[in-house]
Amino acid sequence: MQDVDIKTADGVMDAKLFQPEGPGPWPAVIMLMDAFGVRPSFEIMAQRLADAGYVVLLPNLFYRDGHASRLELKGTFADEVFRKRIYGLIGDLTPDRQKQDAAAELDFLSHHPSVKGTRVGVAGYCFSGGLAVRMAANFPDRIAAAASSHGGRLVTDAPDSPHRLVGQVKGELYFGHADKDSSMPAQAIETLEAALKAAGTRYVSELYPGASHGYAVERWPQYHPEAAETHWRRLTELFGRTLRA
């Protein structure tokens, strides 16, 4: 694991970079944290993906509010003060800022000597599932595949809701939905899948029975070992056929 700094339009984004053992170069994947930030559980996940043969970039999406080591995003959504803080951090990531940051991440990877090729994969979790879809839509020629695991609010009334952007995506999309997730209920899943079919986008969308929002994140109360392992198989399959072909 290596700490890196990435210049953006608004400052410097701190991030962590993971590489496989042995000689490169390797294809790259951007792993997007959930609402609780970059922390050891995501470092473990990023390293696991790196061990599968990928350069993995884990950026601190909340860098405008501080370095990941100083954000201290510990708490629960039962705490109103903490909940408002998290929603505020997420709300600050406007679509324009998301696009600016994604451009900086892609530029960093394109100039890194360990990275093979110009197309990358993206893996998003929780709120960043929507960010992964938006990145694939904003950079259709650069994103070979994007995965959303227990992604929330993929369907909203906003004109730029993630489900309204899928027609701009050229890569392949994967959605692993938790069946106990108020942020992505059954009706929203149906709407998303209808939009994907109408757009002719290559995708897989599946429901994880018995899994709650957060099932894929290790060291987390909602972690579901069986669902998490399924998620890992899907990721390696997705990135294997899109980044290694």
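**Exercise 1. The second largest cavity**

Task: In this predicted model, find how the residues lining the second largest cavity divide into nonpolar, polar and charged.

Solution:
- Step 1. Start with the list: the lining consists of L61, F62, R64, D65, L89, D92, L93 and R97.
- Step 2. Sort the residues by class. The nonpolar group has 4 members, the charged group has 4, and there are no polar residues.
- Step 3. Put a size to the space: the volume of the second largest cavity is about 40 Å³.

**Exercise 2. The largest cavity**

Task: Work out which helices each supply at least two residues of the lining of the largest cavity, and which gives the largest share.

Solution:
- Step 1. Count the cavities to choose from. With a lower limit of 30 Å³, there are 2.
- Step 2. Take the largest, which has a volume of about 110 Å³.
- Step 3. Read off its lining: L32, L61, L93, Q98, K99, D101, A102, E105, L131, R134, M135 and N138.
- Step 4. Match these residues to elements. Both α4 (95-110) and α5 (128-138) supply at least two, and the largest share, 5 residues, is from α4.
- Step 5. Sort by class: 6 residues are nonpolar, 2 are polar and 4 are charged.
- Step 6. Look back at Exercise 1. L61 and L93 appear in the lining of the largest cavity and also in that of the second largest.

**Exercise 3. The largest pocket**

Task: Which residues lie closest to the centre of the largest pocket, and which element gives the most to its lining?

Solution:
- Step 1. Begin with the volume of the largest pocket, about 970 Å³.
- Step 2. Go to the centre. Of the 35 lining residues, Y87, I90, F127, G152 and R153 are the closest to it.
- Step 3. Assign elements: α3 (80-91), α4 and α5 give two or more residues to this lining. With 4 residues, α3 gives the most.
- Step 4. Finish with the classes, which are 14 nonpolar, 15 polar and 6 charged residues.

**Exercise 4. A strand and its partners**

Task: Explain why β7 is largely enclosed by the rest of the structure, and find the strands that pair with it.

Solution:
- Step 1. Check burial along the strand, where buried means under 20% relative accessible area. Of the 9 residues in β7 (172-180), 7 are buried, so the strand is largely enclosed by the rest of the structure.
- Step 2. Find one partner: β6 (143-149) pairs with β7 in the parallel sense, over 5 bridges. Here A145 stands opposite E172.
- Step 3. Find another partner: β8 (203-212) also pairs with β7 in the parallel sense, over 7 bridges. H177 has L207 as its bridge partner in β8.

**Exercise 5. The nonpolar core**

Task: Which members of the largest nonpolar core touch the most other members, and what does I143 touch?

Solution:
- Step 1. Recall the background: nonpolar side chains in soluble globular proteins tend to be buried together.
- Step 2. Pick out the best-connected members. The core has 85 residues, and M31, F62, L109, I143 and F239 touch the most other members.
- Step 3. Follow I143. Leaving out residues up to four places away in sequence, I143 touches L106, R119, V120, V122, M135, A136 and G171.

**Exercise 6. Backbone exceptions and a buried serine**

Task: Where do P25, R153 and R219 lie, and is S41 buried or exposed?

Solution:
- Step 1. Keep the usual case in mind: most peptide bonds are trans, and most residues other than glycine have a negative phi.
- Step 2. Look at the bond between G24 and P25. It is cis, with omega about 0°, and P25 is in the loop between β2 (11-18) and β3 (28-31).
- Step 3. Turn to R153, whose phi is positive, near 55°. R153 sits in the loop between β6 and β7 and is exposed, at 58% relative accessible area.
- Step 4. Do likewise for R219. Its phi is positive too, near 60°; R219 belongs to the loop between β8 and α7 (225-243) and has a relative accessible area of 61%, so it counts as exposed.
- Step 5. Move from R219 to S41, which is in contact with V217, E218 and R219, its neighbours within four places in sequence set aside. S41 is part of helix α1 (40-51).
- Step 6. Apply the cut-off for buried, under 20%: S41 has 4% relative accessibility, so it is buried.

Technical notes:
Residues numbered from 1 in each chain as written. Predicted model: local features only at pLDDT ≥ 70, side-chain atom pairs only at ≥ 80, totals over all residues. Heavy atoms only, no water. Core = buried A, V, L, I, M, F, W, Y, C linked by side-chain atoms within 4.5 Å. Buried < 20%, exposed > 50% of the residue type's maximum accessible area, 1.4 Å probe, protein only. Contact = heavy atoms within 4.5 Å. 1 Å grid on protein atoms, 1.4 Å probe; cavity = no way out; pocket = protein on both sides within 12 Å on 5 of 7 lines; lining within 4 Å. Points joined across faces, edges and corners; volume = space filled by probe spheres on them. Nonpolar A, V, L, I, M, F, W, Y, C, P; charged D, E, K, R; others polar. Pairing = 2+ DSSP bridges.
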